[in-house]
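Welcome! Here are some short exercises to work through with the structure open beside you.

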Amino acid sequence: MVDAGTYTAGGLLLAFACYRMVVVRLGGPDPDPATRYVGWFALSMGAALLVLAPATVRAVHRFGPAPRVAALLGTELKMGALTVLALIARALAEPGRPQREAERRSARQALAAGVLLAALFLPAGVREHNGTGYVTGTAGRWLLAGYDVLFVGYSLRCLALFGTLLGRHTRGMPPSALRTGLRLMRVSGAVGAAWTLLLLWDAVRVLRSGRQDTAEHRMAAVLALACVLLAVGGATASTWERALTAPVRLVRAARSYRALEPLWSALYEAHPGIALRPPRPDRWPALRDVQFALYRRVIEIHDGRLSLRPYYPADARAWLAARTTAGAEALPDALSRAPSDAAVEAAALAAAVEARRAGHKPVPRRPAVAAAVPPRTGTIDGDVAWLTAVAQAFALLTASGGRDRP
């Protein structure tokens, strides 16, 4: 179980590192520093987990002094990954600021800490027996315990910097997949701190009995896997957010497409030239094509509005009031007494469709107050929302108008 959890976490990080490297390569010669750092972190921490897996430690032991090679190398790789983690936080908290000096300073600190770790670990004379490292003598115990405490202190410093800067960066962000991802990464840092603190118990064991696990044990493997899953999930939040919301967007587009049907059908009947191609009896698009079909329908409705502009009444609000007075009891109060801009636009379209159907001559120049101008949302979603409101009001008006006519 320990091997499976450690190898899974390490393999997942290495796969993610390859993915980030491809993203950086495709992003151009000067990618965002945080993007580069994320790849470095995944590569270093993934390699550390693979090296510290019990099966790897046992395999290395067959060809050499496993504790001296695997344990020290794995710890040094972890330290490099945590150093990069702090750089990620700095790059996110200070966007646009050159990171070269921070990289050099962090590299010097990591190098000094790495040399000190080796200076404590190697003289301790760690030996291995059945997956457990042990030292003999009081001096060896203190050196190995100092090695553990130094790594814990350095790691907690990097994790505290990461959590603090990331929390400060996300505090003012609006709700988004990016904010969710950064929060997941912050939780991952907290789990990483718990994972790191397990080494303090190793330091206590060393001082008491001179023994310490040279590979990741069960609790460490569980925390490592949880930390990696949260980190990778946070770093890819925008990707899986799009994947998870895609079905919702398709269903929402299909509903909007159907909601616009009455308005589009009336405009198409009045002016068939708005359609790119003649509609088929089974014209409902496939679910995979519904978003494109919805965008095309919005464009065609706008084209239909423009083609009917010469038939608009001089005062759409007065036309709506006259329709109410004429006995359109089915109209809601909100539509007849205090009509919205969408209702006024629907009234103008209903009047224009009736005028064209009756064969009235178009008026070349209609005053600008003929109907409400739709709000300029700047987005297709805004247009869909506006036209959906117009279509709902249009359906009520045309239904009541049909009942009122003898």
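## Rings and cores

Tyr37 and Trp40 sit 3 residues apart in helix H2, about one turn of the helix. Keep in mind that this is a predicted model.

**Exercise 1.** Classify the ring pair formed by Tyr37 and Trp40, then decide whether each residue is buried or partly exposed.

*Solution.* Start with the rings: their centres are 5.6 Å apart. Next, the planes of Tyr37 and Trp40 meet at 55 degrees, so the pair is tilted. Now turn to accessibility, where buried means under 20%. Tyr37 has 0% relative accessibility and therefore counts as buried. Trp40, with a relative accessible area of 41%, is partly exposed.

**Exercise 2.** Do the same for Trp264 and Tyr268, then find the charged residue over the face of Trp264.

*Solution.* Both residues belong to helix H10 (residues 261-270), 4 residues apart. The ring centres of Trp264 and Tyr268 are 5.1 Å apart and the planes are at 10 degrees, so this pair is stacked. Trp264 is buried at 4% relative accessibility, while Tyr268 is partly exposed at 21%. Finally, Arg297 lies over the face of Trp264, 4.5 Å from the ring centre. Arg297 also lies over the face of Tyr257, at 3.9 Å from the ring centre.

**Exercise 3.** Which residues touch the most other members of the largest nonpolar core, and which helix supplies its largest share?

*Solution.* This core has 59 residues, and Leu49 and Ile88 touch the most other members. Helix H4 gives the largest share, 13 residues. A second, separate core has 42 residues, among them Ala266 and Val344.

Notes. Residues numbered from 1 in each chain as written. Predicted model: local features only at pLDDT ≥ 70, side-chain atom pairs only at ≥ 80, totals over all residues. Heavy atoms only, no water. Core = buried A, V, L, I, M, F, W, Y, C linked by side-chain atoms within 4.5 Å. Buried < 20%, exposed > 50% of the residue type's maximum accessible area, 1.4 Å probe, protein only. Helix = DSSP H or I, 4+ residues; strand = E, 2+ residues; numbered from the N terminus. Phe/Tyr/Trp six-rings, centres within 6.5 Å; stacked < 30°, edge-to-face > 60°. Lys NZ or Arg CZ within 6 Å of the ring centre and 35° of its normal.
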